[in-house]
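Okay, thanks for coming, everyone. I'll put the structure up, and then we'll walk through a pocket, a helix and a handful of residues.

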Amino acid sequence: MIKTRYMPTAARLVGAVSLGALGWLGSDMVRPLMPDHTAFGWFNYVNLVLGILCGWFVMGSRAGRGWGEAISNGLTGLFALVFWGFFAQSFNLMLKQSLENRYDGPMEAILGMFRNAAEYAEYLVDPMLIATLTVGAIACGLITEIAARRWS
């Protein structure tokens, strides 16, 4: 049997579903932490899709290497999800701000994107959110490992 790089496996599916669910849960926990005037729009859905992609490509591809690696795998998936979440949300805000002519050029817009991400990070320093995401990521890594051992 030839294994390709993107071959569907049970571990990839379980990693995608579990990290997608964690992305949705984290998004719901972020809403009360943000200012009242924040327009969320597709916030939960974007983070759900990012969780599914990070679970499939990051966690699912690294499953089956042991229990210690499973915990590390879950945390790596979480960090990838948070990174891409910050990128997507700050990029979206930068596009909205650039349509309002807040930037003089493309470099200023890119710097504004990083500024937006830093502002988002200030709101998300919440012990309950961090604890939930950390414990959830470890659980995601462990159940992905179980799926890899059970159905590989």
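Before anything else, one term: when I say contact, I mean heavy atoms within 4.5 Å. And keep in mind that this is a predicted model.

So let's use that term right away on N47, which sits in helix 2. What is N47 in contact with, once we leave aside its neighbours within four places in sequence? The list is G23, S27, L81, G85 and Q89. N47 is also buried, because its relative accessible area is 9% and the cut-off for buried is under 20%.

Staying in helix 2, have a look at N44. N44 comes out at a relative accessible area of 3%, so this one is buried as well. Skipping residues up to four places away in sequence, N44 touches W24, S27, D28 and R31. With R31 there's something extra: the two side chains make a polar contact, at 3.0 Å.

Now the pocket, since I know some of you are itching to dock something. The largest pocket has a volume of about 1200 Å³. There are 41 residues lining it, and the ones closest to its centre are V30, M34, F43, Q89 and Y120. Which elements give two or more residues to that lining? They are helix 1 (10–30), helix 2 (43–59), helix 3 (67–99), helix 4 (106–123) and helix 5 (127–151). Helix 3 provides the largest share of the lining, with 13 residues. If you sort the lining by class, you get 24 nonpolar, 13 polar and four charged residues.

Okay, helix 3 itself. Helix 3 is 33 residues long and spans 48 Å from first C-alpha to last, close to the 48 Å you'd expect at 1.5 Å a residue. Which residues of helix 3 are buried? Here's the run: A70, N73, G74, G77, L78, A80, L81, G85, Q89, S90, M94 and Q97. The cover over those buried residues includes helix 1, helix 2, helix 4 and helix 5. Notice that Q89 has turned up a few times now: Q89 is among the residues closest to the pocket centre, is on the buried list for helix 3, and is one of the contacts of N47. Just after helix 3 comes N101, and its phi is positive, near 60°.

Let me pick one residue out of helix 3, namely L78. Buried or exposed? L78 counts as buried, because its relative accessibility is 5%. Again skipping anything up to four places away in sequence, L78 touches L19, L22, L133, T134 and A137. For a sense of distance, L78 and R102 are 24 residues apart along the chain, and their C-alpha atoms are separated by 32 Å.

Then the flip side, over in helix 1, where we find V14. V14 and C140 are 126 residues apart in sequence, yet C-alpha to C-alpha they are 8.2 Å apart in space. Leaving out residues up to four places away in sequence, V14 touches I143, T144 and A147. And V14 is partly exposed, because its relative accessible area is 23% and buried would need under 20%.

That's my tour. Happy to rotate the view if anyone wants to go back to the pocket or to helix 3.

How values were computed
Residues are numbered from 1 along each chain as its sequence is written. This is a predicted model: local features need pLDDT of at least 70, side-chain atom pairs count only at pLDDT 80 or more; totals for chains, interfaces and linings use all residues. Side-chain values use heavy atoms; hydrogens and water are left out. On a 1 Å grid over the protein atoms alone, a cavity is a set of points where a 1.4 Å probe fits but cannot get out, and a pocket is an open set with protein on both sides within 12 Å along at least five of seven lines; lining residues have an atom within 4 Å of a point. Grid points are joined across faces, edges and corners, and a volume is the space filled by probe spheres set on the points. Helices (H or I, at least four residues) and strands (E, at least two) are DSSP runs, numbered from the N terminus. Ala, Val, Leu, Ile, Met, Phe, Trp, Tyr, Cys and Pro count as nonpolar, Asp, Glu, Lys and Arg as charged, and the others, Gly among them, as polar. Buried means under 20% relative accessible area, exposed over 50%, partly exposed in between (1.4 Å probe, protein chains only). A polar contact is a pair of N or O atoms within 3.5 Å; within protein, one must be able to donate a hydrogen and the other to accept it, and residues adjacent in sequence count only if both atoms are side-chain atoms. The expected span of a helix is 1.5 Å times one less than its number of residues.
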